[in-house]
Structure formats: structure tokens, C-alpha cells
Amino acid sequence: MLSSLFDANSLPVLERVVNFTQARHGVLAGNIANLNTPGYKTRDLSPQMFQQRLRDAIDARDQPVSPTQAMSIGVVQSPQERMADEFKLVDDSLRGILYHDETDISLENQVTEIAKNQQEHNLAINLMAAQFRLLRAAVTERVA
């Protein structure tokens, strides 16, 4: 009952966004840490690919599965298991230009990407906090 309350709203989606931005921040920080490493190639997690997969997972989550469809698949999964299968990590994707020392790191580009990633992370955290405030208000019957 309680798990379905949390899975029915935007919290699972926001959780995936926070996890993605946290993982991406680590990758981008690693790029900056290796700024002067000869031959280092930048790595990144593709926000576009993540957003597309997230959109697909949300669409799949919102489509009802009939018992006959579940039987034809052969496995009856809970909504949490189905969602876990649909939300996958995103592979490395973005590539930059190569410099004379065979690196492709641009400090300005990496700092810009970290700033954009931080803004997305903060937005997801703020939305999650607002969701929890609303849930707390509903449970305690107080005005948020």
C-alpha cells in the first residue's frame, strides 16, 4: 500500500534523475582531475540518451499491463521490478576534439557541463523535497 503511494507519483522518476546527475558529476569531475594527463579521453554520460530512456520508461510505466499480457511474457513482475528493468544506466557517449597532446579535454566545457548538471540535480532535489512536504501534510492533515 505505502510503496504504491510512492511509485504512483513522480518520486521514482526524480530518484532516477538524482542518481543520474550524481553519477555524471563523478564522471565530469574525473575529466577535470585528468586535465593534464597526456592521452586522456573525456568520458561523459549522455543526458539526451538518459532523458529518452527515462521518457520511454515513464511511458511504459503508465501503460497498464493486463493479466493476459503478463502471462504471455511469462513473468509476472511487480511495478517496482518492471520499473527497475526499464530504468537503465546510460552509456558513455559524448566525444570532443583532440588536442596536440592527444587529449580531448576542455576545462571550460567541463566546468559548463558540471554547472548544468548541478542545476538539474538541485531541481530534482527541490522537487523531491516538495513532494515529501505534500505527503507529510497529507499524512498529518496539516496545511503545507
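Trainee: What is the mean pLDDT of the protein, and what share of its residues reach 70 or more?
Mentor: The model is predicted, and its confidence can be summarised for the protein as a whole. The mean pLDDT is 75. The share of residues that reach 70 or more is 65%.

Trainee: Which elements of the protein have the lowest and the highest mean pLDDT?
Mentor: The lowest mean among the elements, 51, belongs to residues 79-86, which form helix 5. At the other end, a mean of 92 is the highest, and the element concerned is helix 6.

Trainee: Over which residues does pLDDT stay under 50?
Mentor: For the stretch in question, the model has 33 contacts beyond four places in sequence. Those contacts rest on residues for which pLDDT stays under 50 throughout. The stretch is residues 86-98.

Trainee: How many helices and strands does the secondary structure hold, and what pattern does it follow?
Mentor: The secondary structure comes to 6 helices and 0 strands. Read along the sequence, the pattern is therefore written with helix symbols throughout: α-α-α-α-α-α.

Trainee: What percentage of the contacts with a separation of 6 or more comes from residues 24 or more positions apart?
Mentor: One such pair in space is His25 and Ile114, which are 89 residues apart in sequence and 6.3 Å apart from C-alpha to C-alpha. His25 is also in contact with Ile114, leaving aside neighbours within four places in sequence. For the protein, residues 24 or more positions apart account for a share of 78%.

Trainee: Is His25 buried, partly exposed or exposed?
Mentor: His25 has its place in helix 2, and its contacts beyond four places in sequence are with Ile114, Asn117 and Gln118. Its relative accessible area is 31%, which is neither under 20% nor over 50%. His25 is therefore partly exposed.

Trainee: Which residues does Thr21 touch, not counting those up to four places away in sequence, and is Thr21 buried or exposed?
Mentor: Thr21 is found in helix 2. With a relative accessible area of 1%, Thr21 is buried. The residues that Thr21 touches are Asn117, Glu120 and His121.

Trainee: Which helix supplies the largest share of the largest nonpolar core?
Mentor: In soluble globular proteins, nonpolar side chains tend to be buried together. Here the largest nonpolar core has 13 residues, of which Val17, Phe50, Leu54, Ala124 and Met128 touch the most other members. At least two residues of this core come from each of helix 2, helix 3 (47-62) and helix 6. The largest share, 7 residues, is supplied by helix 2.

Trainee: How many salt bridges does the structure hold, and how far apart are the closest N and O atoms of Glu15 and Arg16?
Mentor: The structure holds 4 salt bridges, and one of them joins Glu15 with Arg16. Glu15 counts as partly exposed at 40% relative accessibility. The closest N and O atoms of Glu15 and Arg16 are 3.7 Å apart.

Trainee: Why does the salt bridge of Arg24 with Glu113 tie together parts that are apart in sequence, and by how many residues?
Mentor: In this pair the closest N and O atoms are 2.5 Å apart. Arg24 lies in helix 2 (residues 11-33) and Glu113 in helix 6 (residues 107-140), so the salt bridge ties together parts 89 residues apart. Both partners are buried, Arg24 with a relative accessible area of 2% and Glu113 with 13%. The separation asked for is 89 residues.

Trainee: Where does Asp44 lie, and is Asp44 buried or exposed?
Mentor: The side chain of Asp44 makes a polar contact with the side chain of Arg24 at 2.8 Å. Asp44 lies in the loop between helix 2 and helix 3. At 5% relative accessibility, Asp44 counts as buried.

Trainee: Which residues are joined into one network by salt bridges that share partners?
Mentor: Lys116 and Glu113 meet in a salt bridge of 3.1 Å, N to O. They are 3 residues apart in helix 6, so about one helical turn separates them. Lys116 is partly exposed, with a relative accessible area of 45%. Through shared partners, the salt bridges build one network of Arg24, Asp44, Glu113 and Lys116.

Notes. Residues numbered from 1 in each chain as written. Predicted model: local features only at pLDDT ≥ 70, side-chain atom pairs only at ≥ 80, totals over all residues. Heavy atoms only, no water. Salt bridge = Lys/Arg side-chain N within 4 Å of Asp/Glu carboxyl O. Buried < 20%, exposed > 50% of the residue type's maximum accessible area, 1.4 Å probe, protein only. Helix = DSSP H or I, 4+ residues; strand = E, 2+ residues; numbered from the N terminus. Contact = heavy atoms within 4.5 Å. pLDDT = per-residue confidence, 0-100. Core = buried A, V, L, I, M, F, W, Y, C linked by side-chain atoms within 4.5 Å. Polar contact = N/O pair within 3.5 Å; in protein donor to acceptor, adjacent residues only side chain to side chain.
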